[in-house]
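Trainee: I am new to this structure and would like to go through it step by step. Could we look at it together?

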Amino acid sequence: MHVRSKLIRVLKFLGKALVGLLLVFITLILLIHVPAVQKIITRKAAGFLSAKTQATVAVERIRFSLRGSLVIEGVNVQDAAHDEILAIGSMEASANIFNLLKGKYIIDQISMKDVRAQLIENEQGLNIQFILDAFQSPKKKETTSNAVNIEFKR
């Protein structure tokens, strides 16, 4: 009887811990749908991109949902001389969230509106070379990697 009561207590504890983790997960999911939280994520993303590329990156708004849709509005990228390189009024993308979680990058649809891009080639190369360099991995090591399959439907 003593062993059985300990087993019941352990099972109750594990059940409560599982329910607690589930509640935390659901709360996080609900939080990322709140506009104020999405605004914080937008500022952090623009700040990260600005720091990474050493350019001015401004993003007005990012909205996303667990259904797999993403909307980015008011993107503006300027180089160090404050010359506009890219401006996007709005960009929408949709994908099946389950495919993304499985590592299958299948984008159902991408649409962009009010896009302006200015690519200039000078002696140093394209005016976006610093952006390409910022996202280039450091020295390549001889390693094997898994193949990444990206598919666009529309």
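Mentor: Gladly; what follows is a set of questions and answers on this predicted model.

Trainee: Let's begin with the whole chain. How many helices and strands does the secondary structure come to?

Mentor: Reading along the sequence, you meet the elements in the pattern α-α-β-β-β-α-β-β-β-α-β. Taken by type, they come to 4 helices and 7 strands.

Trainee: Is the chain more spread out than a compact globule, or less?

Mentor: Start with the box that the C-alpha atoms fill, roughly 85 × 45 × 30 Å along the principal axes. For 154 residues the globule rule gives 15 Å, and the radius of gyration is 22 Å, well over that value. The chain is therefore more spread out than a compact globule.

Trainee: What share of the residues counts as buried?

Mentor: A residue is buried when its relative accessible area is under 20%. Of the 154 residues of the chain, the share that meets this is 19%.

Trainee: Now the sheet, please. Which strands stand at its edges?

Mentor: The open sheet has 5 strands in the order β1-β2-β3-β4-β7, with mixed pairing. Two of them have a single partner strand each, so one side of each is left without a neighbour in the sheet. The twist from one strand to the next averages 30°. The edge strands are β1 and β7 (150–152).

Trainee: How many bridges join β1 and β2, and in which sense do they pair?

Mentor: One place to look is Ala58, whose bridge partner in β2 is Asn76. The hairpin of these two strands has 4 residues between them, and Gly68 takes a positive phi near 100° there. The pairing covers 8 bridges, and its sense is antiparallel.

Trainee: Moving along, which residue takes a positive phi in the hairpin of β2 and β3?

Mentor: These two strands pair in the antiparallel sense over 9 bridges, and Leu70 stands opposite Ala93 in β3. Between the strands of the hairpin there are 5 residues. The one with a positive phi, near 60°, is His82.

Trainee: And what is the bridge partner of Ala95 in β4?

Mentor: β3 and β4 run antiparallel and are joined by 9 bridges. In β4, the partner of Ala95 is Ile107.

Trainee: Let's turn to the interior. Which residues make up the largest nonpolar core?

Mentor: This core has 8 residues in all. At least two of them come from β1, and at least two from β2 (69–78). The members are Ala46, Val57, Val59, Ile62, Ile72, Val75, Val77 and Ile88.

Trainee: Ile62 is on that list. Which residues is Ile62 in contact with, leaving aside its neighbours within four places in sequence?

Mentor: A contact needs heavy atoms within 4.5 Å. With the neighbours within four places set aside, the partners of Ile62 are Gln38, Thr42, Ala45, Leu70, Val71 and Ile72.

Trainee: Is Thr53 buried or exposed?

Mentor: Thr53 is found in helix α2. A polar atom of its side chain lies 2.7 Å from the backbone oxygen of Leu49, and beyond its neighbours within four places Thr53 is in contact with Phe130, Ile131, Ala134 and Phe135. Its relative accessibility is 7%, under the 20% limit, so Thr53 counts as buried.

Trainee: What about Ile40: buried, partly exposed or exposed?

Mentor: Ile40 also has its place in helix α2. Its C-alpha atom is separated by 9.7 Å from that of Arg61, 21 residues apart along the chain. With a relative accessibility of 42%, Ile40 counts as partly exposed.

Trainee: Let's end with backbone angles. Where is Gln54 found, and is it buried or exposed?

Mentor: Most residues other than glycine have a negative phi. Gln54 has a positive phi, near 60°. Gln54 is found in the loop between α2 (35–53) and β1 (56–64). Its relative accessible area is 63%, so Gln54 is exposed.

Trainee: Asp114 has a positive phi too. In which strand is the place of Asp114?

Mentor: The phi of Asp114 is near 55°. At 61% relative accessibility, Asp114 counts as exposed. Its place is in strand β4 (residues 105–117).

Definitions and conventions
Residues are numbered from 1 along each chain as its sequence is written. This is a predicted model: local features need pLDDT of at least 70, side-chain atom pairs count only at pLDDT 80 or more; totals for chains, interfaces and linings use all residues. Side-chain values use heavy atoms; hydrogens and water are left out. Buried means under 20% relative accessible area, exposed over 50%, partly exposed in between (1.4 Å probe, protein chains only). A nonpolar core is a set of buried Ala, Val, Leu, Ile, Met, Phe, Trp, Tyr and Cys residues joined through side-chain atoms within 4.5 Å. Two strands pair if DSSP finds at least two bridges between them. Axes are lines fitted to C-alpha atoms, for helices over the stretch in contact, and angles run from 0 to 180 degrees between N-to-C directions. A polar contact is a pair of N or O atoms within 3.5 Å; within protein, one must be able to donate a hydrogen and the other to accept it, and residues adjacent in sequence count only if both atoms are side-chain atoms. The radius of gyration is taken over C-alpha atoms; the globule rule is 2.2 Å times the number of residues to the power 0.38.
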